[in-house]
Amino acid sequence: MSLNLEGKTAIVTGASSGLGRAAALALGRSGVSVVAAGLDPEGLDETSAMIRGGGGEATAVEVDISKLDQVEAMAAEATAAFGGTDILVNNAGVYPNGPWHEISEKEWDFVFSVNVKGYFLCSKAIRPQMLERGGGSIINISSITFFVGADEFLHYVSSKGAVVGLTRALARECGPESIRVNSIAPGAFPTRAYFLPGRDIPKLDQSVMDSQAIKRKGEPADIGNAVLFFASELSSFVTGQTLLVDGGWYLH
Ligand SMILES: NC(=O)c1ccc[n+]([C@@H]2O[C@H](COP(=O)([O-])OP(=O)(O)OC[C@H]3O[C@@H](n4cnc5c(N)ncnc54)[C@H](O)[C@@H]3O)[C@@H](O)[C@H]2O)c1
């Protein structure tokens, strides 16, 4: 069996940069028409242009995934552009950091409104489109930090644990409707989320390399490849799972 994604359609949130862009490019290269969705119009246009430049189909849609009306508008734009959605990659995320006792209520709510509520709102908005197309695949981006814990990321780590829970519960309810729901937990990847201000990057690089079984740095394309697996029929009997793509950092 091959990927066989030709003619499918996908929405990727947070597609203007980093892992979301890598996922969008991987899908675009595999013949999927991609709605590149997110907050940063310039980056989204760039991602779409990269897909079109490679002979694929893509369109950019501005959306704040924590806002219901904007998410519903994004869903409508996906229908207008490509007739509906087969694959949803819930990737957009925010990652403020600091000591847990200094996190404000407002910042806690902000992190959960994007990293958890946003995934719920997007999944709910896209469900009718998937049902109309006879099923679909939802892929949620979690994080290794949920599995290993992480200093100074209490709200973020908690939200990424919630993504694992959301994935499992949603998989139960969506399975009978032929919608599969899986999650990817990335290890360390060189995106904005990695190069946070104030971080000692050489020290972090070293500790990541010491932790990983595979002694190379993660590349965003590694996440793109995992997205292709969950998007395609290669994973047709897999749902509710979280795949760590982390070079063997967390082995359980
Ligand atoms: N880079 C890593 O090492 C790593 C590790 C584990 C998990 N992750 C997760 O991967 C995902 C992608 O992050 P990244 O590393 O590519 O960083 P990134 O900052 O490049 O990507 C995050 C994207 O989300 C978008 N976004 C933020 N808030 C949004 C909102 N309200 N509505 C729509 N879009 C919004 C941003 O514009 C950006 O495009 C995130 O969920 C992150 O938590 C990253």
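Student: In strand 4, which residue is the bridge partner of Ile 11?

Tutor: Good place to start, and keep in mind that this is a predicted model. Ile 11 is one of the residues of strand 1, and three bridges join strand 1 to strand 4, the two running parallel. In strand 4, Ile 11 has as its bridge partner Leu 88.

Student: And which residue is the bridge partner of Ile 11 in strand 2?

Tutor: Strand 1 also pairs with strand 2 (residues 33–38), in the parallel sense and over five bridges. One opposite pair there is Thr 9 with Ser 33. For Ile 11, the bridge partner in strand 2 is Val 35.

Student: How many of the residues of strand 1 are buried?

Tutor: Look at the two directions in turn. Thr 9, Ile 11 and Thr 13 point one way and are buried, and Ala 10 and Val 12, which point the other way, are buried too. Strand 1 (residues 9–13) is thus mostly covered, and the number of its buried residues is five of five.

Student: Which helix makes a β-α-β unit with strand 1 and strand 2?

Tutor: The two strands pair in the parallel sense. Together with a helix they make a β-α-β unit, and that unit is right-handed. The helix in it is helix 1.

Student: What is the bridge partner of Ala 36 in strand 3?

Tutor: Strand 2 and strand 3 pair in the parallel sense, with five bridges. In strand 3, the partner of Ala 36 is Ala 60. The chain gets from strand 2 to strand 3 by a right-handed β-α-β crossover, which passes through helix 2. To repeat the name you asked for, the partner is Ala 60.

Student: Is Val 63 buried or exposed?

Tutor: Val 63 sits in the loop between strand 3 and helix 3 (68–82). Leaving aside neighbours within four places in sequence, its contacts are Ala 37, Gly 38, Gln 70, Val 71 and Met 74. The count of other C-beta atoms within 10 Å is 26, so Val 63 is buried.

Student: How far apart in space are Val 63 and Ala 37, C-alpha to C-alpha?

Tutor: Ala 37 belongs to strand 2, where it points the same way as Ser 33 and Val 35. Along the sequence, Val 63 and Ala 37 are 26 residues apart. In space, their C-alpha atoms are apart by 6.2 Å.

Student: Is Gly 54 buried or exposed?

Tutor: Gly 54 also lies in a loop, the one between helix 2 (41–53) and strand 3 (58–62). Not counting residues up to four places away in sequence, Gly 54 touches Gly 28 and Arg 29. With 11 other C-beta atoms within 10 Å, and a limit of 12 or fewer for this class, Gly 54 is exposed.

Student: Which residue of strand 6 does Ile 139 stand opposite?

Tutor: Ile 139 is in strand 5, where it is buried, as are Ser 137 and Ile 141 on that side. Strand 5 pairs with strand 4 (residues 87–90) in the parallel sense over four bridges, and there Ile 139 is the bridge partner of Val 89. Strand 5 also pairs with strand 6 (residues 179–186), in the parallel sense over six bridges. In strand 6, Ile 139 stands opposite Asn 182.

Student: Which helix gives the most residues to the shell around the ligand?

Tutor: The shell has 31 residues, and the closest are Gly 14, Gly 18, Ala 92, Gly 93 and Thr 191. Two elements give two or more residues to it, helix 1 (18–29) and helix 4 (105–132). By class, the shell has 15 nonpolar, 13 polar and three charged residues. With three residues, the one that gives the most is helix 1.

Student: Why does the chain count as being as compact as a globular protein of its length?

Tutor: The chain has eight helices and seven strands. The globule rule gives 18 Å for 252 residues, and the chain comes close to that, so it is as compact as a globular protein of that length. The value to remember is its radius of gyration, 17 Å.

Student: What percentage of the residues of the chain count as buried?

Tutor: For the whole chain, the C-alpha trace spans about 45 × 40 × 40 Å along its principal axes. Among contacts between residues at least 6 apart in sequence, 75% join residues at least 24 apart. Of the 252 residues, the part that counts as buried is 46%.

How values were computed: Residues are numbered from 1 along each chain as its sequence is written. This is a predicted model: local features need pLDDT of at least 70, side-chain atom pairs count only at pLDDT 80 or more; totals for chains, interfaces and linings use all residues. A residue is near a molecule or strand if its C-beta atom, placed from the backbone, lies within 6 Å of it. Ala, Val, Leu, Ile, Met, Phe, Trp, Tyr, Cys and Pro count as nonpolar, Asp, Glu, Lys and Arg as charged, and the others, Gly among them, as polar. A residue is buried if 20 or more other C-beta atoms lie within 10 Å of its own, exposed if 12 or fewer, and partly exposed in between; C-beta atoms are placed from the backbone. Two residues are in contact if their C-beta atoms, placed from the backbone, lie within 7 Å. Two strands pair if DSSP finds at least two bridges between them. The radius of gyration is taken over C-alpha atoms; the globule rule is 2.2 Å times the number of residues to the power 0.38. A crossover is right-handed if, with the strands pointing away from the viewer, the path from the first strand over the helix to the second runs clockwise.
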